[in-house]
Amino acid sequence: MSLRGYAACVRLEADLEWLFSRQRFGMHPGLTRVHSLLTRLGEPQRAFRVVLVGGTNGKGSTAASLASMLRAQGRRVGLFTSPHLTRFAERFVVGGELLPDDVVLRSLHQVRPHAEAIEASFFEIVTALGCLVFAEAGVQDAVMEVGLGGRLDATNALDPVLSVITNVALDHTEVLGNTVELIAAEKAGILRPGRPAVTGAAPDVWPMLEAEGADLWSLENRVRRQSLGWDGEQVVVRLPAGVELTFRTPLLGAHGAQNAALAAAAAYRLGVSPEAISRGAQTTQWPGRMEVLTVGEGRVLLDGAHNPAGAEAVVRALRDLGVGKLPLVFGAAADKDLSGVAAALEPVASQVVLTRARLSPRSADPAALAPLFPGHQVTLTESPEQAIAALRALGAPLALVCGSLYLIGEVRPLLLGTVSEERERWQ
């Protein structure tokens, strides 16, 4: 590498360090700054159709499924998700492939001076960066996962042709409110009057969603599923339009089937054929969420369930798969409903290994988690490396690693023998 090339690499790496340092300033709900940032960048979000995917749980798998279905239709698709597991560039997928790190970093270099001028937050910068890299990559459709809530989330500065609200449950109550009705009202902010929308939310929050005036389809009582064991789910969706869609998805559990069904309904409303929906559903990949990895003679199930509703969905899926009790590795952020998550997971745990994401200052102290699993054999560890060593010593044919996505992001490369980025994680 030439001296000039080396200097350019150092400069780009410095930009990424700067961006990650912005995490410490927290989240600042509001759309003024991100609107200003997009304007300074030349409105890159106008170069493609936007779909917003919000909800409490299942946003990522729904977004990934929808992007796969759109690709099967022959569309060039960008998929924006958060947080990433092991590499920052995971947040920006084009045509089913991660963008090269240098492509993302060169675009970040363009964004940085504008972001500094308006003091944009970490997620505002990442959202604008996603729009810029997608525009430069020539995507036709961008499936954008909402970060937090909806109404004041940075992604809501975009103008969606369709919106999805997967479900509504209690999470981030310190920001969004402490009732499902208040949270639903925040998430409803991504809906647009007269434009198509799809939801799997329960009927008790429909009034909050319907108040936005969107052309809303609910999939309540419209989804049938048959478990295919560890191969996924067979799904049948009866759409309000009178069309029935049938397909297979590798996503596991009833919640996996529901998320795939939401994606299929959204894809149909976007003009995707039933044949392409079926092809796209079968090729969906979503690492770290009900993902099974073969490790030596055994298997490890990874899932980022970090709230009670998510943990309950994992347990239901395990029951459907005929799993009794199994070793559990658990760690999560201290600001979550840890007692609720533990209460959901406790019935399936034979032994419990408690740990923390080494790169996340938000992680709960493993010792503080121990009282949440009374009557269980508990092993305390201070890092994912120690937790995996403890798990391997048990020699179980199947184990569950569950909790914070930051934890999953550190455990996964250890199991796969790959390398992750060593950067502090707040968002």
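This is a guided tour of a predicted model, going from a sheet to a helix pair and then to a cavity and a pocket.

**The sheet**

Start by selecting the six strands of the open sheet and colouring them in the order β12-β13-β17-β14-β15-β16. The pairing in this sheet is mixed. Now look at the two ends of that order, β12 (289–295) and β16 (377–380). Each of these edge strands has a single partner, so one side of each is left without a neighbour in the sheet. Viewed across the strands, the sheet twists by an average of 20 degrees from one strand to the next.

Next, keep β16 and add β15 (residues 349–354). The two strands run in the parallel sense and are joined over four bridges. For a landmark in this pair, show glutamine 351 and, opposite to it in β16, glutamine 377.

Add helix α14 (residues 384–394), which packs on the sheet. The helix touches β12, β13 (298–303), β14 (326–331), β15, β16 and β17 (398–403). With β14 as the reference, the direction of α14 makes an angle of about 175 degrees.

**A helix pair**

Hide the sheet and select α2 (residues 32–40) together with α4 (residues 101–118). Their axes lie 10 Å apart, and the packing angle is about 145 degrees. The crossing of α2 past α4 is right-handed.

To see the contact itself, show side chains on both helices. From α2 come Arg33, Ser36, Leu37 and Arg40, and they meet Val111, His114, Ala115, Ala117 and Ile118 of α4. By class, the contact has five nonpolar, two polar and two charged residues.

**The cavity**

How many cavities of 30 Å³ or more does the structure hold? There is one. The largest cavity has a volume of about 80 Å³. To find it, select the lining: His84, Leu85, Thr86, Leu359, Tyr406, Gly409, Glu410, Ser420, Glu421, Arg423 and Arg425. Colouring this lining by class gives three nonpolar, four polar and four charged residues.

**The second largest pocket**

Finish at the second largest pocket, with a volume of about 580 Å³. Centre the view on Val93, Leu98, Gln285, Trp286 and Pro287, which lie nearest the pocket's centre among its 26 lining residues. Then highlight α3 (59–72) and α15 (405–416), the elements that give two or more residues to this lining. Coloured by class, the pocket lining shows 11 nonpolar, nine polar and six charged residues.

Methods. Residues are numbered from 1 along each chain as its sequence is written. This is a predicted model: local features need pLDDT of at least 70, side-chain atom pairs count only at pLDDT 80 or more; totals for chains, interfaces and linings use all residues. Side-chain values use heavy atoms; hydrogens and water are left out. Two strands pair if DSSP finds at least two bridges between them. Axes are lines fitted to C-alpha atoms, for helices over the stretch in contact, and angles run from 0 to 180 degrees between N-to-C directions. Contact means heavy atoms within 4.5 Å. On a 1 Å grid over the protein atoms alone, a cavity is a set of points where a 1.4 Å probe fits but cannot get out, and a pocket is an open set with protein on both sides within 12 Å along at least five of seven lines; lining residues have an atom within 4 Å of a point. Grid points are joined across faces, edges and corners, and a volume is the space filled by probe spheres set on the points. Ala, Val, Leu, Ile, Met, Phe, Trp, Tyr, Cys and Pro count as nonpolar, Asp, Glu, Lys and Arg as charged, and the others, Gly among them, as polar. A crossing is left-handed if the near helix is turned anticlockwise from the far one by less than a right angle, and right-handed if clockwise.
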